[in-house]
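Here is a short, friendly tour of the empty spaces and the surface of this protein. Have the viewer ready and follow along.

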Amino acid sequence: MSFASPLFLWFFMPVTLLAYLLFPPRHRNAVVAVASLSFYAWGAGAHTPLLLSAIAVNYGAGLALGGARLRDRPRARRGVLLAAAGWNVAVLAVWKYAGFATEQIDVLAGALGLGHSPIVTLALPVGISFFTFHHLSYVVDVYRGSTPAQRSPVRFITYIAMFPQLVAGPIVRYREISGQLGEVPRDRLGDLAAGFPRFALGLAKKVIVADSLAAVADAAFTHAGGPVNTPTAWLGASAYTLQIYFDFSGYSDMAVGLGLMFGFRLPENFDRPYSAYSVTDFWRRWHMSLSRWFRDYVYIPLGGNRGGAAKTHRNLLAVFVLCGFWHGADWTFLVWGLYHGALLVAERLLGWDRPPGGVPALVLRRGVTLLLVVVGWVFFRAESMAEAWDMLGAMFVWRPGELDEFVAFAANHQRMAVFALALVVVGLPASPALGPLIQAGRGRMARPARAAVTWVAAPYAATLVAAGTFSPFLYYRF
């Protein structure tokens, strides 16, 4: 069930909010837990038992790690941690990567003349990458003693399955939200009033901007298998660059707004990433909850930057290879992750990870960084490495010609107007970020912006949804 669907907008969200307002405050977690499991069951169907089993295993592991019985038995505690973490990783590996692994084995067997081997085909459970990372961070934090185990199964289900962030983040560490799961005084109507404009902003980003640009990007990449020309390649890559930002940041705005309407303060996930002055700065601003997760649970445990330059560079490359594979089981994602890891290493060696001095240098660095990010998105979006190389070849080696006819048809006047508006938004200064401004800003810009998204952008987006011009969020596939 997509946030940008008639079923969610006109049935699920109003009914759930009404139940939250009518039930006593002490029942909030139960309302959210039931609604969240229903939300997941509607979209995931047969995969719901997988989520429930993951919740049960990690809830039990948390109780064991946080209990008195193992307090003075470090080897037993470590064994519980390794078992729980191994189970989580195994679930992710089987459901997300078994198909890719067996395909590579089949290719290798064919190359060696050994015939063909069977290929595993499994449907990817919705949100598996996100709830697996939630579970991993929970059991690790309980093991480290940085947070107590959650003893209430209802509160634990609320944390893991909370529908605003279950399917595509942000990735919420338990310690970031544990205090909000208790019974604390809440201004429910105030939270609703504060959260809805943020939700409206995300809806507008998704439906008005991202879905319009999707048609252009899809047309360009669909026909990239042949000799695509330079104008088509650049328009397609640029459209996808804007689409994925407005799509994913739109989802995150909707998630933060929905969470606030139910009294939860979820972490921010974007901070104007296309304003970054370096790729290092880009990863401080893009999918920030994922960057923090990899920093705390992979990069630092590997040694971080404590073992000298060579080990630091090795750790960065390892993190971004994993980051690429986390997004998808394909060589294109691996190359995308390795590409970004190599850029971060190069920036450290050249000193480009530090802020530039002066406005001209800042403008130049922003432009170079955005160009590097666009190149990376080609690998991320392409269906194969051959398609990615074809697009990049056309982008950097002039191939004359008019726009592909399918791209030209998709790039109508309305979509190109949206494209131009999106470019203007991306080109604005790095601060303030629009989401937090609309949610909690008190300056001269805040009130008009809240009114615009609430009374103009959101109704228009809802009209487009009613007309059937919506599509699933891009990060639902991860």
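In this predicted model, the largest pocket is lined by 37 residues. Nearest its centre lie Leu201, Lys205, Phe246, Val425 and Leu434, so these are handy names to select while you read on.

**The largest pocket**
- The volume of the largest pocket comes to about 840 Å³.
- Two or more lining residues each come from α9 (188–222), α10 (230–261), α18 (413–427), α19 (434–440) and α20 (446–466).
- Among the elements, α9 contributes the most to the lining of the largest pocket, giving six residues.
- Sorted by class, the lining of the largest pocket holds 25 nonpolar residues, along with six polar and six charged ones.

**The enclosed space**
- The count of cavities of 30 Å³ or more is one.
- The largest cavity holds about 40 Å³ of space.
- Its lining is made up of Tyr245, Arg272, Pro273, Tyr274, Ser275, Val425 and Val426.
- Five of the residues lining the largest cavity are nonpolar, one is polar and one is charged.
- Val425 is a good residue to click on: it is among those nearest the centre of the largest pocket, and it also lines the largest cavity.

**The surface**
- Leu7, Phe11, Val15 and Trp42 together make a nonpolar surface patch of about 420 Å².
- Helix α1 (residues 6–22) supplies the largest share of this nonpolar patch, with three residues.
- Phe11, one of the patch residues, lies in helix α1.

Terms used:
Residues are numbered from 1 along each chain as its sequence is written. This is a predicted model: local features need pLDDT of at least 70, side-chain atom pairs count only at pLDDT 80 or more; totals for chains, interfaces and linings use all residues. Side-chain values use heavy atoms; hydrogens and water are left out. Patches are made of residues with over 30% relative accessible area and no salt bridge: like charges are joined within 9 Å, nonpolar side chains (Val, Leu, Ile, Met, Phe, Trp, Tyr) within 5 Å. Accessible areas come from the Shrake-Rupley method with a 1.4 Å probe; for residues, only the protein chains shown count as cover. A salt bridge is a side-chain nitrogen of Lys or Arg within 4 Å of a carboxyl oxygen of Asp or Glu. Helices (H or I, at least four residues) and strands (E, at least two) are DSSP runs, numbered from the N terminus. On a 1 Å grid over the protein atoms alone, a cavity is a set of points where a 1.4 Å probe fits but cannot get out, and a pocket is an open set with protein on both sides within 12 Å along at least five of seven lines; lining residues have an atom within 4 Å of a point. Grid points are joined across faces, edges and corners, and a volume is the space filled by probe spheres set on the points. Ala, Val, Leu, Ile, Met, Phe, Trp, Tyr, Cys and Pro count as nonpolar, Asp, Glu, Lys and Arg as charged, and the others, Gly among them, as polar.
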